[in-house]
Amino acid sequence: MTGSGTGTGTPVLVTYDWVPDLVRGSVRDMRIRWALEELGRPYRVETVPLGPKSAEHLAMQPFGQVPILKTGDHSLFESGAILLHLASEGTALMPEGQAGAVTQWLFAALNSVEPSSFAWVLMRAAKRAPEIFGAAPPENQIDGAAKRMRARLDGVARALQGRDWLTGQFSAADIAMADVLRVAGADGGLGEHPGLAVYVARATARPAFRRAMDAHMAHWDAADAARVPA
Ligand SMILES: N[C@@H](CCC(=O)N[C@@H](CS)C(=O)NCC(=O)O)C(=O)O
């Protein structure tokens, strides 16, 4: 198994064997399922244990995370790299002549927006469930995280003014951005950015997103059903 290349055959999405309710719907395999659904590419799912991390898992993903996409003898990790790889195979997620703009906005979603929005989401989760996260962060830290996130959201909102999608046409960049924003939005993070809430609603109304979310949730339901009671 190599860490690069394209490979051929039915892609295999690797995700966890089970996750707690708290994170269902937001595990990053969603972005890959969504892209594969947009492309109309059938795929299979394999799992790795949520914990402890297996040697096989660490061989595919050095940080012991998901998602991973395997195709033939090739394996890729990092959701952004997987999205770019899938998008580069055609024009459905990388419209003609827009490779630069799509790449730029995909990086912006994962490198400039997600770090601040995810930090805020994690702090909010820790406030709700300190028993899971160790401790509830002080209110001023949550406020600071919200401020940093809002500054990034301001930038995205400015860029989206007057357009439905980041580069004009729907692309892999919108999958990345809408997936990042919807997780913050689910916790009220888009309250001051109604235009971004509309953007997320537009993206998540796509049939491919709905199919991906149904499959994502069905995976966890099946995982529950397969669990042997302790
Ligand atoms: N930058 C990585 C982040 C992947 C990531 O954070 N995955 C989470 C699930 S959504 C995970 O595996 N967390 C468990 C862990 O970090 O041990 C990507 O975009 O693929």
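This passage looks at the ligand in a predicted model, the pocket around it, and a few unusual spots in the backbone.

A good place to start is the ligand itself, which sits in the largest pocket. Ten names make up its surroundings: Tyr16, Val27, Arg28, Lys53, Gly64, Gln65, Val66, Pro67, Glu78 and Ser79. Sorted by class, that shell comes out as four nonpolar, three polar and three charged residues.

Some of these neighbours make polar contacts with the ligand. With Val66 it is the backbone that takes part, as one of its N or O atoms lies 2.8 Å from a nitrogen atom of the ligand. Gln65 uses its side chain instead, where an N or O atom is 2.9 Å from a ligand oxygen. The side chain of Arg28 does likewise, with an N or O atom 3.1 Å from an oxygen atom of the ligand. As for how much of the ligand is covered, it exposes 510 Å² when taken alone, and the protein buries 72% of that.

Now for the pocket. The largest pocket holds about 1,200 Å³ of space. Its lining counts 44 residues, and those closest to the centre are Val23, Ser26, Val27, Arg28 and Phe118. Val27 and Arg28 turn up again here, as both also belong to the residues around the ligand. Several helices chip in with two or more residues each, namely helix 3 (79-87), helix 4 (99-128), helix 5 (130-133) and helix 7 (172-185). Helix 4 is the top contributor, giving eleven residues to the lining. Taken by class, the lining of this pocket splits into 25 nonpolar, nine polar and ten charged residues.

The backbone has a few quirks too, and some of them involve residues already met. Val66 and Pro67, both found around the ligand, are joined by a cis peptide bond with omega at about 10 degrees. Pro67 belongs to the loop that runs between helix 2 and strand 3 (68-71). Another cis peptide bond goes from Gly51 to Pro52, this time with omega near -10 degrees. Pro52 is in the loop between strand 2 (44-48) and helix 2 (55-60); Lys53, the next residue along, is one of those around the ligand.

Glu78 is the last oddity. This residue is not a glycine, yet it has a positive phi of about 80 degrees. Its place is in the loop between strand 4 (74-77) and helix 3, and Glu78 too is among the residues around the ligand.

Note on methods. Residues numbered from 1 in each chain as written. Predicted model: local features only at pLDDT ≥ 70, side-chain atom pairs only at ≥ 80, totals over all residues. Heavy atoms only, no water. Near = heavy atom within 4 Å. Polar contact = N/O pair within 3.5 Å; in protein donor to acceptor, adjacent residues only side chain to side chain. Areas by Shrake-Rupley, 256 points an atom, 1.4 Å probe, with all protein chains shown as cover. 1 Å grid on protein atoms, 1.4 Å probe; cavity = no way out; pocket = protein on both sides within 12 Å on 5 of 7 lines; lining within 4 Å. Sits in = over half its atoms within 2 Å of the grid points. Nonpolar A, V, L, I, M, F, W, Y, C, P; charged D, E, K, R; others polar. Points joined across faces, edges and corners; volume = space filled by probe spheres on them. Helix = DSSP H or I, 4+ residues; strand = E, 2+ residues; numbered from the N terminus.
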